[in-house]
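Student: Hi! Could you walk me through this structure? I'd like to start with the DNA and then look at a helix.

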Number of protein chains: 2
Amino acid sequence: MSERAIHRQTGVPARKRDGNGAARPNDADEIDLDALVGHAGYAVRRFQIWIFQDFVKTLSEVDIRPTQYSAMTVIGANPGLTQMAVAKRLGIERARLVHLLDSLESRRLVKRIKSKADRRSHALHLTAQGTTALAKFKRLAAEHERHVEAKIGKENREHLLRILACFT
Amino acid sequence: MSERAIHRQTGVPARKRDGNGAARPNDADEIDLDALVGHAGYAVRRFQIWIFQDFVKTLSEVDIRPTQYSAMTVIGANPGLTQMAVAKRLGIERARLVHLLDSLESRRLVKRIKSKADRRSHALHLTAQGTTALAKFKRLAAEHERHVEAKIGKENREHLLRILACFT
DNA sequence: TATTGTTATACTCTATAACTATA
DNA sequence: TATAGTTATAGAGTATAACAATA
């Protein structure tokens with residue numbers, strides 16, 4: 001056996017020459033991220049992917065994704081909002097919100113009511129079923145939040161929320 | 001003029017009844033985010049969108065997006081990496097990386113070299129032109145990073161990097 | 001004229017599955 | 001049989017533009 005480091009899982013040499021004159025550190029923990037380590041955006045993107053996947057997994061039994069959850073939460077707390085208001089508040093394209101509400105409405109979680117004051121717009125409400133469901137979604141989302149806490153630490157999570165409060 | 005609060009920009013009444021019995025706080029700063037304020041994922045998502053857009057805008061003159069930048073940076077610092085190694089290290093699907101490299105290769109920024117050691121794989125390198133270009137991309141990315149610093153503060157940015165270091 | 005909701009299009013990104021050529 | 005790269009597909013998300021109904 002060579003004196004060269006062997007990858008723990010694959011048993012493949014961690015580094016070798018390929019005949020093109022370049023070292024090939026194809027073992028993930030040896031690859032230099034270079035400038036990326038100083039970019040907040042890179043860390044945030046990786047974190048966001050982790051959070052997204054944990055959220056989807058934790059709420060998989062109710063089949064609710066983050067954007068659906070955020071829309072229902074805002075509608076639940078502010079019954080009667082128009083689609084424009086929800087879209088602006090959450091930073092979602094109004095065209096995108098149409099499909100999102102279509103899916104929630106077809107599941108009888110949300111309803112659109114024609115506004116009498118401005119007949120162009122809809123007043124958004126949770127259905128009775130939607131209200132019950134949202135309570136469960138919130139319990140599962142709180143469980144997801146505990147996963148975040150376990151991953152980065154209680155104080156770090158709270159600090160993060162304070163740092164990013166200006167974006168909400 | 002009514003005594004009711006008027007929206008600063010639109011001059012539209014901030015709150016009104018729509019005849020469906022529900023208050024409609026359709027003014028963005030009056031809408032209650034409810035449980036969302038306690039979710040790290042919501043804040044992170046909003047932050048990530050802001051960062052993404054600022055990055056794309058700051059690097060628009062060179063037409064480079066965050067994922068392209070991260071791939072070129074890693075290839076530049078680790079010449080000879082295989083596609084699999086880059087994909088795993090950056091958390092990109094290997095199928096997605098194919099198209100990403102196609103576009104970089106067609107712009108003569110990156111080249112694939114058939115590996116002699118394992119003829120299934122490619123060794124990735126920057127071209128001379130790619131090396132020069134990456135230096136400019138890095139200068140612009142540093143400028144973007146200063147925008148982040150200006151937005152959340154120097155210390156908060158550094159703290160954020162430390163908190164999220166475990167995801168890079 | 002401007003706005004709300006809608007439809008449509010295009011492009012990015014994520015997530016798979018399957019194919020090929022190699023190992 | 002397993003892996004690297006590729007191709008293809010589907011769904012989510014982003015970014016536009018245009019249209020009908022209404023203001």
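Tutor: Happy to. One cut-off to begin with: a residue is near a strand if one of its heavy atoms lies within 4 Å of it. Keep in mind as well that this is a predicted model.

Student: Got it. Of the atoms of DNA strand C within 4 Å of the protein, what share belongs to sugar or phosphate?

Tutor: Sugar or phosphate accounts for 65% of those strand C atoms, and bases make up the rest.

Student: And how many residues surround DNA strand C?

Tutor: There are 22 around strand C, and the closest are A:Gln83, A:Met84, A:Arg120, B:Glu93 and B:Arg96.

Student: Which atoms of A:Gln83 and A:Met84 face the phosphate oxygens of strand C?

Tutor: For A:Gln83, a polar side-chain atom sits 2.9 Å from a phosphate oxygen of strand C. For A:Met84, a polar backbone atom is 2.6 Å from a phosphate oxygen of that strand. From chain B, a polar backbone atom of B:Arg119 is 3.2 Å from a strand C phosphate oxygen.

Student: Which elements give two or more residues to that surface?

Tutor: In chain A they are α1 (40–58), α3 (83–90) and α4 (94–106), and in chain B α4 (94–106). By class, the surface near strand C has six nonpolar, six polar and ten charged residues.

Student: Now strand D. Which residues come nearest?

Tutor: Of the 22 residues around strand D, the nearest are A:Glu93, A:Arg96, B:Gln83, B:Met84 and B:Arg120. Here 69% of the strand D atoms within 4 Å of the protein belong to sugar or phosphate.

Student: What do the side chains of B:Gln53 and B:Arg112 reach on strand D?

Tutor: Phosphate oxygens. The side chain of B:Gln53 has an N or O atom 3.0 Å from one, and the side chain of B:Arg112 has an N or O atom 3.2 Å from one. A:Arg65 has a polar side-chain atom 3.3 Å from a sugar or linking oxygen of strand D.

Student: And the elements around strand D?

Tutor: α4 of chain A, plus α1 (40–58), α3 (83–90) and α4 of chain B, each supply at least two residues. The classes there are six nonpolar, six polar and ten charged.

Student: Switching topic: which residues of helix α6 in chain A are buried?

Tutor: In α6 (residues 154–163) of chain A, the buried ones are A:Arg157, A:His159, A:Leu160, A:Leu161 and A:Ile163.

Student: What do they pack against?

Tutor: Both chains take part: the buried residues of α6(A) pack against α1 and α5 (128–152) of chain A, and against α1, α5 (128–152) and α6 (154–163) of chain B.

Notes
Residues are numbered from 1 along each chain as its sequence is written. Chains are lettered from A and ligands numbered from 1 in the order in which they are written. This is a predicted model: local features need pLDDT of at least 70, side-chain atom pairs count only at pLDDT 80 or more; totals for chains, interfaces and linings use all residues. Side-chain values use heavy atoms; hydrogens and water are left out. A polar contact is a pair of N or O atoms within 3.5 Å; within protein, one must be able to donate a hydrogen and the other to accept it, and residues adjacent in sequence count only if both atoms are side-chain atoms. Helices (H or I, at least four residues) and strands (E, at least two) are DSSP runs, numbered from the N terminus. Ala, Val, Leu, Ile, Met, Phe, Trp, Tyr, Cys and Pro count as nonpolar, Asp, Glu, Lys and Arg as charged, and the others, Gly among them, as polar. Buried means under 20% relative accessible area, exposed over 50%, partly exposed in between (1.4 Å probe, protein chains only). Contact means heavy atoms within 4.5 Å.
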